[in-house]
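Let us take a walk through this protein together, at an easy pace. Please have the sequence and the viewer open as you read.

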Amino acid sequence: MKITSAIVLIFLVFSTNVNRTFAQSGDSTKYHIAVFLPLYLDSAFDAAGNYRFDQNFPKYFNPGLEFYEGLQLAMDSLRKTGASLDLTVYDTRSSSKSIQQILEDTAFSKIQLMLGDVNATELRLLANAARSMNIPFINVNFPNDGGVTNNPEFVILNTTLHAHCEAIYKFIQRNWATSNILYLRKAGTQEDRLHNDFAEIEKNTSSVPLKMKYVNVDNNVDPRSLIPLMDSNLKTVVLVGSLDENFGKAVCAKLAPLSKTYPMKVLGMPTWDAVTDFNTPAYADLEIYYTTPFYVNPADSLVIAIQQYFKTRFYSRPSDMVYRGYETLLHFGQILAANRGRIDGSIGMRKFKIFNDFDIQPVFTNRESGNQTSGTITLQYLENKKLYYVKKVNGNVVAVY
């Protein structure tokens, strides 16, 4: 990929000063936000400040760089609202200072909100720091708790897999409870966990449990072996219980020809959001559904404006990470400013919607002792419970619920 002059300029800004401050004129009160991103600046530039890769642009730079560009756009928008915010961006791949050293720096004590595109180790460090500082940490990307528990300051924005399973199960209950329901899976540890999640949800449902038929298959499943499980006069709902995208694509490709005789709906996991093959003839006319916590409506006027900005400035289209960076900072930055730097119980405010209706809810569990459940309810963390159900046919999004 050829690197553009605009991208080089952004990197040069990074290499000289990652911190950016925007303040409302005449307002001395600023609210402080820290963002942790994998920018790889040490990899991009040598000690003299020269770009290391000539005309190439390594793909692993993309997510952090694009998220940062979204942050810049959000800060411009926040400035227009009059919000007085100080934003500090830390490169989690920098060799000059570790995250622990950053957190221990006295200057960090002024931070009132943390956002992070992080890995599991970074997540635990930042979540623990958030708890000790009594400030929120918004985990933007990592879709599980990373082993963090009993922490009311920890927010999971990218909804956990268990919550996806709950949403999928309820979606089938609401729409196709009386249909013929098949649960297709392959052998595997992750598939066992998924199966156990659905079994737990089924056990605890307050409505009538679904009558799902569990079937083990593999990538080479013979579609004719599924015919005895279907009825041409009855709708069949197929739930594919695996995060393996290749397995999901293989199953859908085998089901597509059958769907012309046996009416069916196919539901998959959130990993299907990244599958681009569904627009090929192998999946023709198959109705495919999956869940996602992040849906950007291409017809939204703000989305169109951002697309036009990128087309004019970078001769490219904004990625999902641009929207993620923009939305996260603009949404939670406005909450921070509205509450004068102390968010406390207002982190779930739904007033400042950007693209998605975040629904931040506490997640509780019963504390267990040995094999006994004590009945003590413990708040483990906060989680975005809002999920969108995306329906695709021939690779096109035809409905969002």
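What follows goes from the sheet to the helices and then to a few residues in loops. Please keep in mind that this is a predicted model.

A good place to begin is the sheet. How many strands does the open sheet have, and in what order? There are seven, arranged β8-β7-β9-β10-β11-β14-β15, and their pairing is mixed. At the edges you will find β8 (212–216) and β15 (396–400); each has a single partner strand, so one side of each is left without a neighbour in the sheet. As you go from one strand to the next, the twist averages 25°.

Now trace some of the pairings. Strand β9 (residues 236–240) runs parallel to β10, and four bridges join the two. To find this pairing in the viewer, look for T236, whose bridge partner in β10 is M264. The next step along the order takes you from strand β10 (residues 264–267) to β11, again a parallel pair, joined by two bridges. Here V266 has I288 of β11 as its bridge partner. On the other side, the sense changes: β11 and strand β14 (residues 388–393) are antiparallel and pair over five bridges. One bridge to look for matches T291 with Y389 in β14.

Strand β11 itself deserves a pause. Is strand β11 (residues 288–292) enclosed or open? Five of its five residues are buried, so the strand is largely enclosed by the rest of the structure. If you look at the directions in which they point, I288, Y290 and T292 go one way from β11, while Y289 and T291 go the other way, and all are buried. Residues on both sides of β11 are therefore buried, and the cut-off for that word is under 20% relative accessible area.

Next come the helices, starting with one that rests on the sheet. Helix α7 (residues 189–204) packs there and touches β7 (180–185), β8 and β9. The direction of α7 makes about 150° with that of β7.

Helix α7 also has a helical partner. Two packed helices are described by the angle between their axes and the distance between the axes. For helix α6 (residues 161–176) and α7, the axes come within 10 Å and cross at roughly 50°. That angle falls outside the parallel, perpendicular and antiparallel ranges, and α6 and α7 are therefore oblique to each other. Their crossing is right-handed. On the α6 side, the contact involves L161, H162, C165, E166, I168 and Y169; these meet Q190, L194, D197, F198, E200, I201 and E202 in α7. Sorted by class, this contact has seven nonpolar, two polar and four charged residues.

A second helix pair lies further along the chain. The axes of helix α9 (residues 301–314) and helix α10 (residues 320–338) come within 12 Å, and they cross at roughly 120°. What does this make the two helices to each other? They are oblique, and α9 passes α10 in a right-handed crossing. From α9, the residues L302, V303, I306, Q307 and F310 take part, meeting V322, Y323 and Y326 of α10. The contact of α9 with α10 counts seven nonpolar residues, one polar and no charged.

Let us finish with the loops. F358 sits in the loop between α10 and β12 (360–369). Is F358 buried or exposed? With 3% relative accessibility, F358 counts as buried. Leaving aside its neighbours within four places in sequence, F358 is in contact with L157, F294, E327, H331, R350, N384 and K386. Measuring C-alpha to C-alpha, you would find F358 7.7 Å from G348, a residue ten places away in sequence.

Two asparagines round off the tour. N134 lies in the loop between α5 (120–133) and β5 (137–139), and its phi is near 60°, a positive value in a residue other than glycine. N134 has a relative accessible area of 39%, so it is partly exposed. N150 is in the loop between β5 and β6 (154–156), with a positive phi near 55°. At 33% relative accessibility, N150 counts as partly exposed.

Note on methods. Residues numbered from 1 in each chain as written. Predicted model: local features only at pLDDT ≥ 70, side-chain atom pairs only at ≥ 80, totals over all residues. Heavy atoms only, no water. Axes fitted to C-alpha atoms, helices over the stretch in contact; angles between N-to-C directions. Parallel < 35°, antiparallel > 145°, perpendicular 65-115°, else oblique. Left-handed = near helix turned anticlockwise from the far one by under 90°. Contact = heavy atoms within 4.5 Å. Nonpolar A, V, L, I, M, F, W, Y, C, P; charged D, E, K, R; others polar. Buried < 20%, exposed > 50% of the residue type's maximum accessible area, 1.4 Å probe, protein only. Pairing = 2+ DSSP bridges.
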